Structures are given as C-alpha cells and as structure tokens.
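Got your viewer ready? Load the model below and keep the selection tool handy.

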Amino acid sequence: MTERTPMTPIAAGLDDGYAYTKLALPDGRLLVTPSRARIGRTAVTWINEAEQRVFEYETDDALYSVGAFDGASTHFEGYPWSGLNRAIVQHAFQKAGLAGHSVHAVSGLPVSAFYRKNGEHRDDTIGKKRDSLKIPVQPITDALPVGIAFHEVIPEALAAWYDDVIIEQRDGITLDADRVSVPVAVVDIGGRTTNYVVVKDQGVLHASSGSLQCGMMSVKQIVAGGIEARFDLEEISEERIDDAVTYNVVRLKGTNHDVTALVAAAKREVVEQIYMETRRQLGLGVELDRVLFVGGGTVALAEHITNWYPHQAVAAHPAFANARGMLKYLRYVCEASDAA
Ligand SMILES: Nc1ncnc2c1ncn2[C@@H]1O[C@H](COP(=O)(O)OP(=O)(O)OP(=O)(O)O)[C@@H](O)[C@H]1O
Ligand SMILES: [Mg+2]
C-alpha cells in the first residue's frame, strides 16, 4: 500500500446525509459525525480546551460552528450544496485525522434529486453538489484544511447496491456475478428521506425508484410535538428528543417521564408511511431476487420491518452501506477509468 503523505490523495466514501455524515476510508475505518452546525460563532468559551466540543470553519466568507449542540436544521432544499454542508464535511474529515491531506471523494444525493422520473440525470443539481464540496473550507484553528481535489456524486441507495455487488478480497476485487445478474431492490431508510432503487441488468428501473420525504427525523418530529403538548413546553432540545426515542424516557425538571406509548405511536405512524411507499414502489416484489434494507433507520426501526418480504435482507452495519459503496465506486469504478 502507498504510504499516507499529504501528497497522496486519500479516497473517501462520503455519505453526507441530513442526519449523520458517514465516512468510509480505505484503512477500513467507518466514522460518523452528526450533521449539525449553525451559521456564526458560538457564544460558548471553552474553559478547558481539551473539552472543546464546537469547532469553527470559514467557507465562502461565512463562518460556521459545527459540533454537539442544537444546530440549525439541515432540512432545507439547498442543504446538499450549502456552506453548512461543507463545514460539516470538513469537520468529519478533520475528526478522521486527515488535516492537511487532499481527498478524493464520492458522495450522494437522494434518488429523486439525482434522477428525473424519466431517468434523465438532473445535471444542474448534480453539478451544484459536485462543485460545492470542492470550495475550500478553512478551520479557525491551527489545523490545516482538508481539500477535496476530486468529487463525484451518485444516488443514495444505488451506492449501497455497489457495496453489495463489489466484493473486496486480499488479492483484489471481484464482482459477485450472482448478485449482479439478478434484479434487486435497495430500500435506504435515512433521517429525512427513504430512498428506493431497483437494479436489473446493471441498470436502474426508474418506475420503481425514487425518494420519500420520510425517515427517522419524522419520528423525532412527532415525538417532539407530543412531548411539547403533553408537558406544555414551547420547545425541547434535539438531545432530549434523541434520548426519548432511544430510551423511551424524557427528563424534565429533574424528573424522568415515561414516553414509551408516544414513541411507539410515532414509529408506527412513520413505519406505516414507509411501508405504503415500499408497496407502491416494489409491489410484492415477486420478480425481485432480494429486497435489501440499508440506512440508519433500518437499525432504529428493525423490529417493525422484519416481515415485509419473505426474501428481504439487512446489509451488514446498514447505516454505513452507502458510505462503503461510495468508497468502492470511487476506487473501482471512477479510478479504474481515471487511474488516480
Ligand atoms: N446504529 C444505529 N442504531 C440506532 N439508530 C441509528 C443508528 N444509526 C442511525 N440511527 C438512526 O437512524 C437515523 C437515520 O440515520 P442515517 O445515517 O441513515 O440518516 P441520513 O443518511 O443522515 O439521512 P438521509 O439519508 O435522509 O440524508 C438517525 O437519525 C438515527 O436516529
Ligand atoms: Mg442516508
């Protein structure tokens, strides 16, 4: 293997989702950073620098704070090509210890942002995303920036298909011929979106592919609304909601309150929407060989999606399936033609 020097670009699978930014690196590391940031400085002074939890970055003459706090929502249409996105991605690379390095990356867009319904590529959107991440981002510390020298964009969910069919072995890679030759559906349950692709004869079947604006963040929104109403609160922090959804308990004014029923109802509501869309896109899937579930929502909603299809499967570490596929696509599809 080539030695890692600042001169050798590092390949990265970069699944920069609305909820979490996932990185897959050639040394096998899989890393995750919450997609949370806000415009401007934070009003917090860190007494102990080692405890610093918020990091500042400048890009395109604007300052962004990234870290563990209630950030601005990524829930706006231009997020994938915004300064907010660039700051979060830069932070993910910095946390991965890549300061000063040049990176080659493949990232994603939701299926419906990537393709028109007739299957044409949305070149404007794809170009905006591709160019955005190449704009420099400067950390407001001594750290050297990470520069993205090469960046390609592929559809989410399709990325996970590449992960499924490209098999890495010690002596190189192979395409799993059995998996490539059969029609497969990938269902990617994410934070804001659930993405569908059906791949047959190495092509995407557009009639059964697309995005639903629904995911785990929808569950959190419903739970937040429920808690605010039940306890007559104006607002509740994302951290409390995350805990409520994970542990079925919310702590308010020093007291724990059980919210099991509220969380279960919210999950049921969202699962029902995803289930209906899955049936609409895939039907009973009789001509599919497999229905592959990926994405963080597949983990969070595991118990609710066990019996949708007799021939369904869940990818290994499903939250990272897209990121792994993006790295494989970069190394074995882009670089094979590009010889980087
Ligand atoms: N390992 C895990 N265990 C439990 N829940 C998880 C896990 N990983 C992620 N989740 C949950 O799944 C949700 C979706 O995560 P994911 O990383 O797939 O979203 P995303 O890719 O950022 O969103 P989108 O695809 O809509 O852009 C998260 O909000 C989180 O609640
Ligand atoms: Mg995702």
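What follows is a short walk through a predicted model, one selection at a time.

**Stop one: the ligand.** Select ligand 1 and show what lies around it. You should find 19 residues surrounding ligand 1, and the closest are Gly-17, Ala-19, Gly-190, Gly-191 and Gly-296. Now colour by element: α6 (216–230) and α9 (296–300) are the ones that give two or more residues to this shell. The largest share comes from α9, with 4 residues. If you colour by class instead, the shell around ligand 1 splits into 8 nonpolar, 9 polar and 2 charged residues.

**Stop two: a pair of helices.** Keep α6 on screen and add α8, residues 260–282. Two packed helices are described by the angle between their axes and the distance between the axes. Here the angle is about 140° and the axes are 9 Å apart. How does that make α6 and α8 lie relative to each other? Angles over 145 degrees would count as roughly antiparallel, so this pair is oblique. The crossing of α6 past α8 is right-handed. To see the contact itself, pick Ser-218, Val-219, Ile-222, Val-223, Gly-226 and Ile-227 on α6, then Leu-262, Val-263, Ala-266, Lys-267, Glu-269 and Val-270 on α8. By class, that contact holds 8 nonpolar, 2 polar and 2 charged residues.

**Stop three: two loops with a positive phi.** Jump to Ala-157, in the loop between β9 (147–155) and α4 (158–165). Its phi is near 75°, a positive value in a residue other than glycine. Is Ala-157 buried or exposed? Ala-157 has 34 C-beta neighbours inside 10 Å, so it counts as buried.

Next, select His-317, in the loop between β19 (312–314) and α10 (321–338). His-317 isn't a glycine either, yet its phi is positive, about 35°. With 13 other C-beta atoms within 10 Å, His-317 is partly exposed.

**Last stop: a loop residue and its contacts.** Centre on Val-137, which sits in the loop between α3 (123–132) and β8 (138–139). Val-137 counts as buried because 23 C-beta neighbours lie inside 10 Å. Which residues does Val-137 touch, not counting those up to four places away in sequence? Show Tyr-57, Thr-59, Arg-86, Ala-87, Gln-90 and Pro-145 to see them. Finally, draw a C-alpha to C-alpha distance from Val-137 to Ala-87: they are 50 residues apart in sequence and 6.7 Å apart in space.

Note on methods: Residues are numbered from 1 along each chain as its sequence is written. Chains are lettered from A and ligands numbered from 1 in the order in which they are written. This is a predicted model: local features need pLDDT of at least 70, side-chain atom pairs count only at pLDDT 80 or more; totals for chains, interfaces and linings use all residues. A residue is near a molecule or strand if its C-beta atom, placed from the backbone, lies within 6 Å of it. Ala, Val, Leu, Ile, Met, Phe, Trp, Tyr, Cys and Pro count as nonpolar, Asp, Glu, Lys and Arg as charged, and the others, Gly among them, as polar. Axes are lines fitted to C-alpha atoms, for helices over the stretch in contact, and angles run from 0 to 180 degrees between N-to-C directions. Angles under 35 degrees count as roughly parallel, over 145 as roughly antiparallel, 65 to 115 as roughly perpendicular and the rest as oblique. A crossing is left-handed if the near helix is turned anticlockwise from the far one by less than a right angle, and right-handed if clockwise. Two residues are in contact if their C-beta atoms, placed from the backbone, lie within 7 Å. A residue is buried if 20 or more other C-beta atoms lie within 10 Å of its own, exposed if 12 or fewer, and partly exposed in between; C-beta atoms are placed from the backbone.
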